[in-house]
Amino acid sequence: MGETATAAATRTLDVARIRAEFPALHQESHGKPLVYLDNAATTQKPRRVIDAVTRFYERDCANVHRGVHQLSQRATIAYESARTTVKRHLGAADSREIVFTRGTTEAINLVASSFVRPRLAPGDEILITGMEHHSNIVPWQLLCEATGAVLKIVPITDAGEIELERFAELLSERTRMVGVVHVSNALGTVNPVREMVEIAHDRGVPVLVDGAQAVPHGRVDVGELDCDFYVFSGHKTYGPTGIGALYGKREHLLGMVPWQGGGDMILSVTWEKTRYAEPPHRFEAGTPNIAGAIGLAAALDYLDGLGPEAVAAHEAALLEAATEAVLSVPGVRLIGAARHRAGALSFVMDGIHPHDIGTILDTEGVAIRAGHHCAQPVMQRFGVSATVRASFAVYNTHEEIGRLVEGLYAVKEVFG
Ligand code: 7TS
């Protein structure tokens, strides 16, 4: 048997060894060793992920689900076994509950089109929170425009937490779907999704959880969360771009109509009647991102090998140290001070635009993101146009936090 979660969490990671796995970290930016703190946008990739993708193209490259030849069989086995890896990583019950998508955005659009849209009548409601990424806002707005449904928003507190009581109140007879971000990309808030799922299910309302910023930072178990849908992107969790996954409860997927038509999603096609494949293939029209799925599986295996609990513990220590260090710089104000945060630290500095901060930090070799982080309603809620965001990954170090803070002092020097 494997070690317990507690043992894994207390085991310290060998960060130097981890860093050695990531080729992109060992370069200079503007003549200084790169400090990469833009992991919420995308993470760097370990050698084994790059190798898995290369190996596919060098040795096994063929299309899936159609060839009788050796290469196609190998490609199909690798692709379908990647699905099993995703299933295992998310704690799903059945590989058929995993649909490969381009990423989080596509997965949410899939659920909006195939699950929610056929169930919507004018005046029905979709409930999301005030801290969603645009990808968990705009698909619902499009759906509301097309169907006459109404989008309702759960407000967030000054600390950047969901108002849970308001959430319960806003669930109505007409609510057909809840969408909630597991970990906010703009604030770092970790939401009580287990509790929210329970409240929503008590009213018979299904829940989609956006796990784009949760999967990279610790253990996610969809069985425990009991959510109806869970979505994430490979590229934010050490995997390739252009691949991600949708977890959907089997009973939901079985009842869902296709959202894109084409090859690979059918059982048979005639002029009279086309019969669709069973899920998950029903939702994977066309040649999928085979190399991406294989790379994603390598990334999730890597994360599992490190231990998601150990990764979470390392990053929690970094986030705590970074919060304290950044706040020690005069004029810095945190945006989002939730009790439970992960992954990202958002802040502003008195009188200095975040883009200027980002530009100066870049010349110091420190890569952060400055902007609205595709969460403009969050910016509006806090009365800022943008923030500076430092976001962490398993390979970041306490020395790098020192470099970030030195950079902020360099910013202060420039702006007097
Ligand atoms: N949901 C959350 C919470 C996100 O952080 C992102 C991307 C998405 C959805 C969309 O993911 P995609 O892979 O489909 O694009 N967030 C960010 C970010 O914070 N900076 O760049 C992209």
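Q: Which residues touch the most other members of the largest nonpolar core?
A: This is a predicted model, and its largest nonpolar core counts 81 residues. In soluble globular proteins, nonpolar side chains tend to be buried together. Within this core, the residues touching the most other members are Val86, Leu90, Tyr230 and Tyr395.

Q: Which helix gives the largest share of this core?
A: The core takes at least three residues from domain 1 (3-33 + 307-415) and at least three from domain 2 (50-304). As for single elements, the largest share is 12 residues, and the helix they come from is α11 (residues 290-306).

Q: Which residues is Leu90 in contact with, leaving aside its neighbours within four places in sequence?
A: Leu90 is one of the residues that touch the most other members of the largest core. Skip the neighbours within four places in sequence, and its contacts are Ile98, Val215, Val220, Asp221, Val222, Phe232 and Tyr247.

Q: How many residues are in the second, separate core?
A: There's another nonpolar core, separate from the one above. Its members include Leu319, Ala322, Val326 and Ile368, and its residue count is 27.

Q: What area is buried between domain 1 and domain 2?
A: The C-alpha centres of the two domains lie 27 Å apart. Across the boundary, 36 residues of domain 1 are in contact with 28 residues of domain 2. Carbon and sulfur atoms give 56% of the buried area, which comes to about 2,600 Å².

Q: Is Tyr302 buried or exposed?
A: Tyr302 has its place in helix α11. Leaving aside neighbours within four places in sequence, it is in contact with Ile18, Glu21, Phe22, Pro46 and Arg48. Its relative accessible area is 5%, and the cut-off for this class is under 20%, so Tyr302 counts as buried.

Q: How far apart in space are Tyr302 and Gly239, C-alpha to C-alpha?
A: Along the sequence, 63 residues separate Tyr302 and Gly239. In space, C-alpha to C-alpha, the figure is 9.8 Å.

Q: Which residues of strand β8 point the other way from Val207 and Val209?
A: In a regular strand the side chains alternate between the two faces of the sheet. Strand β8 covers residues 207-210, and all of them are buried. Val207 and Val209 point one way, leaving on the other side Leu208 and Asp210.

Q: Which residue in β9 is the bridge partner of Leu208?
A: β8 has parallel pairings with β7 (residues 175-181), over four bridges, and with β9 (residues 229-233), over three. On the β7 side, Val180 stands opposite Val209. On the β9 side, the partner of Leu208 is Phe229.

Q: Which helix belongs to the right-handed β-α-β unit with β7 and β8?
A: β7 and β8 pair in the parallel sense. The helix that makes up the right-handed unit with these two strands spans residues 193-202 and is α8.

Q: Which peptide bond is cis, with omega near 5 degrees?
A: Most residues other than glycine have a negative phi, and most peptide bonds are trans. One exception involves Pro280, which lies in the loop between β12 (274-276) and α11. With omega near 5 degrees, the cis bond runs from Pro279 to Pro280.

Q: What is the phi of His373?
A: His373 sits in the loop between β16 (369-371) and α14 (376-382), and it is buried, with a relative accessible area of 0%. His30, in the loop between β1 (28-29) and β2 (32-33), has a positive phi near 50 degrees. For His373 phi is positive too, near 60 degrees.

Note on methods: Residues numbered from 1 in each chain as written. Predicted model: local features only at pLDDT ≥ 70, side-chain atom pairs only at ≥ 80, totals over all residues. Heavy atoms only, no water. Buried < 20%, exposed > 50% of the residue type's maximum accessible area, 1.4 Å probe, protein only. Pairing = 2+ DSSP bridges. Right-handed = clockwise from strand over helix to strand, strands pointing away. Core = buried A, V, L, I, M, F, W, Y, C linked by side-chain atoms within 4.5 Å. Domains from an automatic or database assignment. Contact = heavy atoms within 4.5 Å. Buried area = accessible area lost by both parts, 1.4 Å probe.
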